[in-house]
Amino acid sequence: MTVVRAAIVQTNWTGDKESMIKAHEDYTRQAAAAGARVICFQELFYGPYFCQVQDSAYYEYAESIPGPTTERFQALAAELGMVMVLPMYEQEQPGVLYNTAAVVDADGKYLGKYRKNHIPQVKGFWEKFYFRPGNLGYPVFDTAVGKVGVYICYDRHFPEGWRALGLNGAQIVFNPSATSRGLSAYLWQLEQPASAVANEYFIGAINRTGIEDLGDNDFYGTSYFVDPEGKFVGEVGDSHNPELIVRDLDLDLLATVRDRWQFYRDRRPDAYGELVQP
């Protein structure tokens, strides 16, 4: 498949888990009607961004992956013939919790999951209270639309994982996020385009919208796709309102860029050993 029509969703908190899930089912159907073959939701898509506070009551949002929400969207993926990336709160076992994204193929098959590797602990983003660091590496999933990787929110500040996804064959990487206007807006349209260029693949960057009751984090949307030349694919999403963004990604551009810039040929892993010393 040369051109992949891809979708991302940015939205606000509706007040409860079931209404969030239903809203995302609706977005998925709209994306399918627009011809999209793959869709990714925002970080922790069916809940609020509860990491604005430290409260064990929010552990109740965690569930097994695969589990009830995964299975619900597996059925929808099979119905619509759509690859789906589902960022959720995972409970591996009681007390062992991760910030995770499940990946489902277009036939409804569960392909696996990525667990967020880099976990922040700063004001308004108290994630170490809720999540263990990921332990599954940087998997790339062979899907009906090509090779898909996932990197979650705070991960994007760390170039090593972007490169690992490229080395593992990623063609499209989704970065579902919950990021606040006051903290990181100046980085939002710099980091992912730079990473798309450096690693020569497409990136879908997703950010939720609105201010939730838990704090004053102002989630500023502006979700987008960026190509391996660092160019936005179509317009960037709205900075305040929910939006379904559907764009065509020409995967032939990957070979063009990699032939032009031989970054993978000219890497010097033999010279980088000290970079990974503690």
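Reader: Which residue in β11 does P176 stand opposite?

Author: In a sheet, one can read residues across from one another on paired strands; in this predicted model, P176 has I206 of β11 opposite it. The strands concerned, β10 and β11 (residues 202–207), run parallel and are joined by six bridges.

Reader: What is the order of the strands in the open sheet, and which strands stand at its edges?

Author: The order of an open sheet is read from one edge strand to the other, and here the five strands follow the order β8-β9-β10-β11-β14, with mixed pairing. At the edges stand β8 (140–143) and β14 (224–226), each of which has a single partner strand, so one side of each is left without a neighbour in the sheet. From one strand to the next, the twist averages 25 degrees.

Reader: Where does T179 lie, and is T179 buried or exposed?

Author: T179 belongs to the loop between β10 (172–177) and α4 (181–199), and with a relative accessible area of 3% it is buried, since the cut-off for that word is under 20%. Its side chain makes a polar contact of 3.0 Å with the side chain of R156. Beyond its neighbours within four places in sequence, T179 is in contact with several residues, among them F125, W188 and F219.

Reader: How many residues apart in sequence are F219 and T179, and how far apart are they in space?

Author: Separation along the chain and separation in space are read independently; F219 and T179 are 40 residues apart in sequence, while their C-alpha atoms are 5.7 Å apart. F219 lies in strand β13 (residues 218–220) and is buried, at 0% relative accessibility.

Terms used:
Residues are numbered from 1 along each chain as its sequence is written. This is a predicted model: local features need pLDDT of at least 70, side-chain atom pairs count only at pLDDT 80 or more; totals for chains, interfaces and linings use all residues. Side-chain values use heavy atoms; hydrogens and water are left out. Helices (H or I, at least four residues) and strands (E, at least two) are DSSP runs, numbered from the N terminus. Buried means under 20% relative accessible area, exposed over 50%, partly exposed in between (1.4 Å probe, protein chains only). A polar contact is a pair of N or O atoms within 3.5 Å; within protein, one must be able to donate a hydrogen and the other to accept it, and residues adjacent in sequence count only if both atoms are side-chain atoms. Contact means heavy atoms within 4.5 Å. Two strands pair if DSSP finds at least two bridges between them. Axes are lines fitted to C-alpha atoms, for helices over the stretch in contact, and angles run from 0 to 180 degrees between N-to-C directions.
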